[in-house]
Amino acid sequence: MTPPYAATGLRAPRPSTFEEDPMPSQERSRHDRRDDGPDDGADAPVPAAPQGAAVDSDIDGILDEIDGVLESNAEEFVRGFVQKGGQ
Amino acid sequence: MTVRRVMGIETEYGVSMPGVPTANPMVLSGQVVTAYARSRGIRSTRATWDYATEAPLRDARGFDMGRDLAHPSQLTDEWVLDEDPTMANVVLTNGARLYVDHAHPEYSSPEVTNPRDAVVWDRAGELVMREAVGVLAGSPPGVNLYKNNTDGKGSSYGTHENYLMSRATPFADIVAHLTPFFVVRQVMCGAGRVGVGVDSRLPGYQVSSRSDFFETTVGLETTLKRPIINTRDEPHAVPEKYRRLHVIIGDANQCDVANLLKLGTTSLVLAMIEDGFITEDLSLTAPVASLRAVSHDPTLTTAVELADGRRLMALELLEHYRDLAAAYLDERHGGTPDEDTAEVMHWWGVVLDHLRADPMSAAREVDWVAKLALLEGYRERHGLDWGDSRLRAFDIQWSDVRAEKGLFHTLAAAGRVESLVGEAQAADAMATPPEDTRAWFRGRCLARFPEAVAAASWDSLILEVPGQTALRRIPMLEPLRGTREHVGDIIDSAADVNALLDGLVATGEAPD
């Protein structure tokens with residue numbers, strides 16, 4: 001099958017912003033971590049939602065549906081979802 | 001090369017018996033495999049797996065791990081095939097393998113030649129699991145399956161990608177140029193996760209479901225001390241010519257676009273590595289810490305530090321890889337790539353532009369964004385903190401394979417997710433193999449002569465021929481042979497398995 005946009009081909013490469021420093025210095029502290037061991041989350045920041053995460057109005061219908069199908073006893077459902085590690 | 005190469009996706013599904021958290025997951029997984037096999041008339045005592053050429057301890061860096069040093073879970077070639085349901089293992093007529101891997105049912109897709117087909121046969125796998133759940137629902141409480149990668153309590157299970165590469169490419173080049181890419185690609189193909197830390201000890205939301213579980217940069221293991229670059233060297237093909245790159249760092253995707261990009265952009269980066277196109281050193285000072293830091297920041301403002309001192313946002317590094325790929329395609333392919341490559345480059349641009357403008361604007365294309373947008377709506381409606389168990393329940397149920405229970409499917413049914421593969425096409429791929437790889441031979445032989453196939457593997461088929469005492473092993477070490485073009489007519493026109501063998505030998509498709 002041919003996707004409808006196949007004819008659009010490649011986008012022109014954009015100039016790289018590589019030389020710029022994108023980060024204010026106060027954002028850097030979270031990188032000063034040791035590079036070993038699985039993450040237990042102990043020193044991770046509580047993440048914030050991105051700007052613009054506000055709910056759009058027509059999502060209400062979906063949320064109604066979710067309220068209808070979501071497991072009623074969330075705590076028990078979460079507690080019961082226990083998996084063995086895999087690959 | 002372009003995005004086109006032999007590839008495939010393996011997915012271990014989360015498995016649970018509702019209300020019975022102590023149920024043995026190996027037994028449940030065996031029931032899943034057996035239920036599907038029976039419902040499709042596949043006899044699991046036939047079509048079993050031929051382990052003769054498997055070598056899970058072969059390391060791409062050029063040595064074998066001693067068997068006595070290996071964790072028992074790494075000895076994937078030693079399983080005894082018998083009536084034990086926890087060893088259930090079947091080959092499907094679409095060329096896929098459906099079996100119990102450790103404590104999870106796994107669907108390993110057939111070999112395909114492009115990212116779009118990888119999505120098609122991965123979606124077929126979701127429908128295989130959905131059908132199994134439907135069959136088992138007939139015996140309450142049934143078994144539920146989840147296309148996710150963690151229970152949020154410390155356990156993780158994998159979604160692996162496989163890419164056939166040239167053996168001539170030095171492995172060190174792959175490590176050098178692929179590692180930074182793998183650290184940042186999660187922002188366009190992460191599945192999202194409620195909870196931070198392997199056991200979700202901090203409340204919150206992160207980009208990838210797998211990132212917290214990676215502990216090292218390069219290694220052979222897949223079940224412990226998981227590496228960003230896995231060195232398993234089992235090509236399942238002519239070993240002198242090919243390497244199969246076994247990628248264990250990806251999340252299970254439900255969004256078609258994110259899934260397409262995961263396979264397509266990785267294939268393009270591999271093409272650039274094989275062609276020696278990337279000369280710049282993009283290596284990171286602390287890949288594992290950066291992997292987690294990027295995952296822990298859904299605002300995408302966190303920077304990663306390159307070895308040369310530059311600090312870049314994940315998105316910027318990803319844009320750089322995209323620009324490199326565009327330049328590579330211009331230079332090597334005259335800017336007019338095939339339609340598969342055009343499709344990947346199109347979506348790569350769209351998704352990066354959306355993420356750049358406002359991460360939430362990628363909600364139609366990227367799993368973690370789609371899930372977060374819905375979670376934020378749910379949080380606002382009910383006034384929930386990130387630590388609320390309803391949000392963790394939401395996260396688990398997001399990946400429920402059932403159409404009427406899976407929250408992703410609720411969102412998709414409302415037309416709020418970009419769909420690249422129609423439901424009918426995915427359903428057709430449950431029983432039909434891809435035409436352009438050896439999966440055609442494997443799957444079609446099983447469909448036409450199920451009684452005669454004694455065992456199969458990725459690179460062999462063992463036939464039991466009436467009147468002959470010895471089994472006939474047909475090697476399939478070239479993934480691009482055994483296609484419909486090569487063997488389609490022979491399989492279709494053979495009246496029986498003797499005629500099939502005669503036809504294969506006469507055309508040189510099988511040794512005399």
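Start with the rings: across all chains of this predicted model, the count of aromatic pairs comes to seven.

**Stop 1: two neighbouring phenylalanines**

Select B:Phe181 and B:Phe182. Their ring centres sit 6.3 Å apart and the planes meet at 40°, so this pair is tilted. Now colour by accessibility. B:Phe181 is buried, with a relative accessible area of 0%, and B:Phe182 is buried too, at 3%. Add B:Tyr321 to the selection and you have one aromatic cluster made of B:Phe181, B:Phe182 and B:Tyr321.

**Stop 2: a pair between two helices**

Next, pick B:Trp398 and B:Phe408. What kind of pair do the rings of B:Trp398 and B:Phe408 make? With centres 5.6 Å apart and planes at 75°, they are edge-to-face, because planes over 60 degrees apart fall in that class. Show the cartoon as well: B:Trp398 belongs to helix α10 (residues 389–398) of chain B, while B:Phe408 belongs to helix α11 (residues 407–413), and the two are 10 residues apart. Buried or exposed, how does B:Trp398 count? B:Trp398 is buried at 3% relative accessibility, and B:Phe408 is buried at 6%.

**Stop 3: a charge over a ring**

Jump to B:Arg97 and B:Tyr99. Turn the view until you look along the ring plane: B:Arg97 lies over the face of B:Tyr99, 3.7 Å from the ring centre.

**Stop 4: salt bridges**

Switch to charged side chains. Over all chains there are 37 salt bridges to find, and a few make good stops.

Begin with B:Arg4 and B:Asp340, whose closest N and O atoms are 2.6 Å apart. B:Arg4 sits in the segment before β1 (7–12) of chain B and B:Asp340 in helix α8 (residues 339–357), so this bridge ties together parts that are 336 residues apart in sequence. The two ends differ in cover: B:Arg4 is partly exposed, at 37% relative accessible area, whereas B:Asp340 is buried, at 9%.

Then go to B:Lys241 and B:Glu478, again a salt bridge, with the closest N and O atoms 2.6 Å apart. Here the pair links two loops of chain B: B:Lys241 is in the one between β12 (226–230) and β13 (242–247), B:Glu478 is in the one between β18 (472–475) and α14 (484–493), and 237 residues separate them. Both ends are partly exposed, with B:Lys241 at 42% relative accessibility and B:Glu478 at 22%.

Now show both chains. Salt bridges with shared partners join A:Asp60, A:Asp64, A:Asp67 and B:Arg381 into one network.

**Stop 5: chain A on its own**

While chain A is on screen, isolate it. Its cartoon has two helices and zero strands. Of its 87 residues, 32% count as buried. Put a surface on chain A: the accessible area comes to about 5300 Å², and carbon and sulfur atoms account for 48% of that.

**Stop 6: a cavity in chain B**

Bring chain B back and run a cavity display. How many cavities of 30 Å³ or more does the whole structure hold? There are three. Head for the largest, which encloses about 390 Å³ of space. Its lining takes in 30 residues, and those nearest the centre are B:Glu10, B:Asn162, B:His236, B:Arg244 and B:Trp458. To see where the walls come from, colour β1, β5 (97–101), β6 (104–108), β8 (159–166) and β13 of chain B, the elements that each give two or more residues to the lining. The largest share, four residues, is from β1(B).

**Stop 7: backbone oddities**

Keep B:His236 selected and look at its backbone. Phi is near 50°, a positive value in a residue other than glycine. B:His236 sits in the loop between β12 and β13 of chain B, and counts as buried at 8% relative accessibility.

Go on to B:Ser200, also not a glycine, with a positive phi of about 55°. You'll find B:Ser200 in the loop between β9 (193–196) and β10 (202–206) of chain B, where it is buried at 11% relative accessibility. Show the side chains of B:Asp199 and B:Arg201 as well: they form a salt bridge, with closest N and O atoms 2.9 Å apart. B:Asp199 is partly exposed, at 27%, and so is B:Arg201, at 48%.

Finish at B:Pro140 and B:Pro141. A cis peptide bond joins them, with omega about 5°. B:Pro141 lies in the loop between α2 (115–136) and β7 (144–146) of chain B.

Note on methods. Residues are numbered from 1 along each chain as its sequence is written. Chains are lettered from A and ligands numbered from 1 in the order in which they are written. This is a predicted model: local features need pLDDT of at least 70, side-chain atom pairs count only at pLDDT 80 or more; totals for chains, interfaces and linings use all residues. Side-chain values use heavy atoms; hydrogens and water are left out. Rings of Phe, Tyr and Trp (its six-membered ring) pair if their centres lie within 6.5 Å; planes under 30 degrees apart count as stacked, over 60 as edge-to-face and the rest as tilted. Buried means under 20% relative accessible area, exposed over 50%, partly exposed in between (1.4 Å probe, protein chains only). A charge sits over a ring if NZ of Lys or CZ of Arg is within 6 Å of the ring centre and within 35 degrees of the ring normal. Accessible areas come from the Shrake-Rupley method with a 1.4 Å probe; for residues, only the protein chains shown count as cover. A salt bridge is a side-chain nitrogen of Lys or Arg within 4 Å of a carboxyl oxygen of Asp or Glu. On a 1 Å grid over the protein atoms alone, a cavity is a set of points where a 1.4 Å probe fits but cannot get out, and a pocket is an open set with protein on both sides within 12 Å along at least five of seven lines; lining residues have an atom within 4 Å of a point. Grid points are joined across faces, edges and corners, and a volume is the space filled by probe spheres set on the points.
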